Amino acid sequence: MKPLRSRVVEIPAKESTLEGRYRELLDAVPDALVVVNSFGKIVLLNVQAELQFGFHRDELLGRPVITIIPEGLSNATKDARELTARRKDGSEFPIEVMLSRLEDTEGILVTAAIRDITARKRAEANLLRSNQELAQFACVVSHDLQEPMRMVTRYTELLAKRYKGKLDADADQFIAFAVDGATSMQRLIQDLLEYSCSGQKEADLLTTSAEEALRQALVNLHSAVEESGALVTHDPLPALPAIQIQLVQLFQNLIGNAIKYQGPRVPLVHVSAARTGDQQWMFSIRDNGMGIDPQNFEKIFVAFQRLHKQSDFAGSGLGLAICKKIVERHGGSISVESQPGKGSTFRFTLTGGAEK
């Protein structure tokens, strides 16, 4: 869709009436256009405006602009702004309005270029519905796949344990490949379930202790912390409205990554939170890991986007995508600051909560 545009047309000096001076301009604009004076009254309009609103020109001239735009033009801006319009028959429809200031001998006038965006809104609604249905489908399918995948994994591991060394070397290798493949598939299904379902469940945001969520996340990460010797520290953290299980998952994924993507050093992770105004908290998770090239900052939050080979670091490429969905589910945003070899700091905002 082409953006709203204005066209400047030179009007002969001999034209003295307002309509005479600007008629060519009005008719040259492809969108509905009305001109409003400082009293909020419509003083000019073009044919497109008549067709769009269902009024004859004489029915709108001198009438308040709220006749066709109930909210008035005070909520519009120089940039396109979405408002609601009303036709003569009382039906309402979404519009995009762009204003421009016009100085005339009769005073300051405001020109409003108006575009009906009903079709665009309908397309956006259809896309949203399709995405929700797709996410729901992925949630159901990944859930249903868990049990058969657990069975495959369990029996391939049993084969490896029971028959290792009893067949030939090729058989041991083939079974090992099957175990690795089944384990990776099981992990992928679990991550896909978390990703697809993280925005599906409607739940009330209850006052949740971020410190307790962090503690639970570290319990879940016990093996990784023990094996790596990681040291995880934190400042006092606030209580705030959240879905507790998702806040635990958020900490678990970010700290788990900090431990996994580590060089030869002992992983050091620090968690902190600070007020940012507007009833928001900014959480920071800082590590001393291998770092991330700035050109990959956006890529890492996209589902299935990996920066490393599967053979180097196990994973599905969904961990940070899940974090992004959880944070956005809570009305916040997430970002990263990092340089290769100098560690990373992941920051995310959450709304509300009391002082620490």
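Before I start, one definition: contact here means heavy atoms within 4.5 Å. And please keep in mind that what we have on the screen is a predicted model.

Let's begin with helix α6, which runs over residues 210-220. Which of its residues are buried? They are Ala-210, Ala-213, Leu-214 and Ala-217. These four span an arc of only 100° around the axis, which places them on the same side of α6. That fits a familiar rule: an α-helix has 3.6 residues a turn, so residues three or four places apart point the same way.

What covers that buried side? The cover includes four strands from further along, namely β7 (231-234), β8 (239-242), β9 (268-277) and β10 (280-287). Strand β6 (206-209) and helix α8 (244-260) are also part of the cover.

Helix α6 brings us to the largest nonpolar core, which has 38 residues. Two or more of them come from each of α6, β8, α8, β9, β10, α9 (319-329), β11 (334-338) and β12. Which element gives the most? That would be α8, with eight residues.

Now, who touches the most other members of this core? Phe-251, Ile-255, Phe-283 and Phe-348 do. Take Ile-255: leaving aside neighbours within four places in sequence, its contacts are Leu-214, Leu-218, Leu-221, Val-232, Val-269, Val-271 and Ile-285. You'll remember Leu-214 as one of the buried residues of α6.

There is another core, lying apart from the one I just described, with 21 residues. Ala-32, Val-36, Ile-68 and Ile-69 are among them.

Last topic, the aromatics. How many aromatic pairs does a search of the whole structure find? Five. I'll show you two. In one of them, Phe-53 and Phe-93 have ring centres 5.9 Å apart and planes at 45°, so we call the pair tilted. Phe-53 sits in helix α2 (residues 47-53) and Phe-93 in strand β4 (residues 92-104), so to speak a link between distant parts of the chain, 40 residues apart. Both rings belong to buried residues.

The other pair is Phe-283 with Phe-348, and this one is stacked, at 5.0 Å centre to centre with 5° between the planes. Here too distant parts of the chain are linked: Phe-283 is in strand β10 and Phe-348 in strand β12 (residues 344-351), 65 residues apart. Phe-283 and Phe-348 are buried as well. Add Phe-251, and the three form one aromatic cluster.

Thanks, everyone, and I'm happy to take questions.

Key: Residues are numbered from 1 along each chain as its sequence is written. This is a predicted model: local features need pLDDT of at least 70, side-chain atom pairs count only at pLDDT 80 or more; totals for chains, interfaces and linings use all residues. Side-chain values use heavy atoms; hydrogens and water are left out. Buried means under 20% relative accessible area, exposed over 50%, partly exposed in between (1.4 Å probe, protein chains only). The arc is that of the directions from the helix axis to the C-beta atoms. Rings of Phe, Tyr and Trp (its six-membered ring) pair if their centres lie within 6.5 Å; planes under 30 degrees apart count as stacked, over 60 as edge-to-face and the rest as tilted. A nonpolar core is a set of buried Ala, Val, Leu, Ile, Met, Phe, Trp, Tyr and Cys residues joined through side-chain atoms within 4.5 Å.
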